[in-house]
Amino acid sequence: MTSIETQLTELPAWKALGAHYKKINDLHLRKLFADDPKRGERMTVDAIGIYLDYSKHRITDETVGLLMQLAKEAGLQARIDAMFRGEKINVTENRAVLHVALRTPKGQSIIVDGQDVMSQVQSVLDKMTDFSTRVRSGEWKGYTGKPIRNVVNIGIGGSDLGPVMAYEALRHYCKRDMTFRFISNIDGTDFAEATYDLDSAETLFIISSKTFTTLETMTNAHAAREWALKSLKHPDAIARHFVAVSTNAEAVAKFGIDTANMFEFWDWVGGRYSMDSAIGISTMIAIGPDNFRAMLNGFHQMDEHFRTAPFERNLPVLMGLLGIWYNNFFDAQTIAVLPYEQYLKRFPAYLQQLTMESNGKHVTLAGGKVNYQTGPIYWGEPGTNGQHSFYQLIHQGTKLIPCDFIAFIKPLNPLGRHHDLLLANVLAQAEALAFGKTSEEVRNEGTPEWLTPHRTFVGNRPSSTILMDELTPETLGKLIALYEHCVFTQGAIWGIDSFDQWGVELGKALAMRIIAELEQEIDHHLKHDSSTNTLIKRYLRER
């Protein structure tokens, strides 16, 4: 394994892809489609309710074959098998990577350190189901006897981005007589605005922190405790208005939360892969246990597809390899994710953590420095809003930006012509990016010569179109898992650890040092660089 990890660029398939790129770099999608009238039908995969059209990519059959060969030479299948077996593939933290266990159906077995973890997973799911049902029905009462009408999730990173994305994505299925809010930022404005119009007697806080020590989360948790006690008065009220998602029972109890209302998760669940664990308790309260389990089923269907489908018909593998093709051979720096579904407005933000925290790495599993690009930047906004914002750069700018278009055949909120117009736009944008408009076509429209260059579209801009039937909890699970395994595919081929995140630690450590200096008003004997020292002194002087 080590030789592959440290010498990716020496693999025969990698070298062949480099030579192949030089041959087809200037080949235009217009010619590819003209030479192969069936291309748009042939370069597709239709599996588990997802239709992927990858025909509008700057690839030939030879490209696909070489990418498949790269996956084989880099040992992708072995890495997939190791993950599903529960091996400790997160080598820097010596941990298994088993978010797939969170959505594995009852009755199956997954062993970690000689123990079947599935009984624990199902036990927590049952506990979540019971609690969610009591809150939704009004059986769970606050300290004054009122039912819970407001749920506030306090977390950060994976403990926030997953739940808030899922809530927005599945709002159509949510209990509409309840209010859901999410607090993550240590900026006091986030807390103030989230709680501004809430009644503490009807509000439940979910504190999501594995260690119950995360600075931002616990700062906001203590603010929430003080906010609640202002009106509820008695410390006993905390046990009726706070629950925890954590593994630190001692700290949870000290805070005042009944440990019977502590929902567990495990070190083999990474934060950005945890939305279908107990971290998703706010999601389950919002959409109900049946819908939550339907979402888990969607995740599991994609897990099984990824585990068993041949690479050439494997949705995450194909998408991951196409990403490598542009990232490593075309030097594309970013990927735009463009959901034509308003409910998915937070999906690109969710993917930013999933992709960039996972694959933003500069060393291999063996500790050697990579000599190739790893994780690209993911970004995006819902269509059609983005069309009136940044699509100009994608169409006519100087940067190559591969795009993922996501669309649904059936609308959740039928309204006049709206959905036909929405789908017309997504299909038109993919077509325009691929084929553009030649200067000859522009002239034939009667455009003056001086204006012709400005109205010419070069085209040859690659995109995938992901088409699904309807946005449901099940299809959301499939879509998230699709990108999870796409990230895994790329990390496995790049030979990096996609499941640690040491890059966030240095800033945290330095912040703790500076917090002490700010709170003690120390403006002498500072031992930072001259810029940081000057900024600290100015803040202390001016505040």
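Here are some exercises on this predicted model, each with a worked solution.

**Exercise 1. A helix and its length**

Work out what span the 20 residues of helix H7 should have, and check it against the distance between the end C-alpha atoms.

*Solution.*
- Start with the rule: the expected span is 1.5 Å times one less than the number of residues.
- For H7, which covers residues 118–137, that gives 28 Å.
- Now look at the model: the end C-alpha atoms of H7 are 28 Å apart, so the two values agree.
- Then step just past the end of H7, where you'll find Gly138 with a positive phi of about 90 degrees.

**Exercise 2. What's hidden in H7?**

Find out which residues of H7 are buried and what covers them, then zoom in on Ser132.

*Solution.*
- Go along H7 and pick out the buried residues: Met118, Val121, Gln122, Val124, Leu125, Met128, Thr129, Phe131, Ser132 and Val135.
- Next, look at what lies over them. The cover includes strands E4 (115–116), E7 (203–208), E8 (242–245) and E9 (262–263), along with helices H13 (281–287) and H14 (289–308).
- Now take Ser132, which sits in H7. Its relative accessible area is 0%, and the cut-off for buried is under 20%, so Ser132 counts as buried.
- Finally, check who touches Ser132. Skipping residues up to four places away in sequence, you get Ile281, Met284, Ile285 and Pro289.

**Exercise 3. Two pairs of helices**

Decide how H14 sits against H15, then do the same for H6 and H21.

*Solution.*
- Take H14 and H15 (residues 315–328) to begin with: they pack at an angle of about 70 degrees, and their axes are 7 Å apart.
- Angles of 65 to 115 degrees count as roughly perpendicular, so that's the label for H14 and H15.
- Met302, His305 and Phe306 of H14 make this contact with Leu315, Pro316 and Val317 of H15.
- Sort the residues of the H14–H15 contact by type and you get 5 nonpolar, 1 polar and no charged.
- Over to H6 (residues 76–85) and H21 (residues 473–494): here the angle is about 125 degrees, with the axes 9 Å apart.
- That makes H6 oblique to H21.
- The crossing of H6 and H21 is right-handed.
- From H6, Leu76, Arg79, Ile80 and Met83 meet His485, Phe488, Thr489 and Ala492 of H21.
- The residues of the H6–H21 contact split into 5 nonpolar, 2 polar and 1 charged.

**Exercise 4. A cis peptide bond**

Describe the peptide bond from Gly383 to Thr384, and work out whether Thr384 is buried, exposed or partly exposed.

*Solution.*
- Look at omega: it is near 10 degrees for the bond from Gly383 to Thr384, and this bond is cis.
- Place the residue: Thr384 lies in the loop between strand E11 (377–379) and helix H17 (391–396).
- Check accessibility: Thr384 has 26%, which is between the cut-offs of 20% and 50%, so it counts as partly exposed.
- List the contacts: leaving out neighbours within four places in sequence, Thr384 meets Tyr340, Leu422 and Asn425.

**Exercise 5. Positive phi without glycine**

Describe the surroundings of Phe212 and Asn460, given that each has a positive phi without being a glycine.

*Solution.*
- Phe212 has a phi of about 60 degrees. Phe212 is in the loop between E7 and helix H10 (215–232), and with a relative accessible area of 6% it is buried.
- Asn460 has a phi of about 65 degrees. Asn460 is in the loop between helix H20 (452–455) and strand E13 (463–468), and at 7% it is buried.

Key. Residues numbered from 1 in each chain as written. Predicted model: local features only at pLDDT ≥ 70, side-chain atom pairs only at ≥ 80, totals over all residues. Heavy atoms only, no water. Helix = DSSP H or I, 4+ residues; strand = E, 2+ residues; numbered from the N terminus. Buried < 20%, exposed > 50% of the residue type's maximum accessible area, 1.4 Å probe, protein only. Contact = heavy atoms within 4.5 Å. Axes fitted to C-alpha atoms, helices over the stretch in contact; angles between N-to-C directions. Parallel < 35°, antiparallel > 145°, perpendicular 65-115°, else oblique. Nonpolar A, V, L, I, M, F, W, Y, C, P; charged D, E, K, R; others polar. Left-handed = near helix turned anticlockwise from the far one by under 90°.
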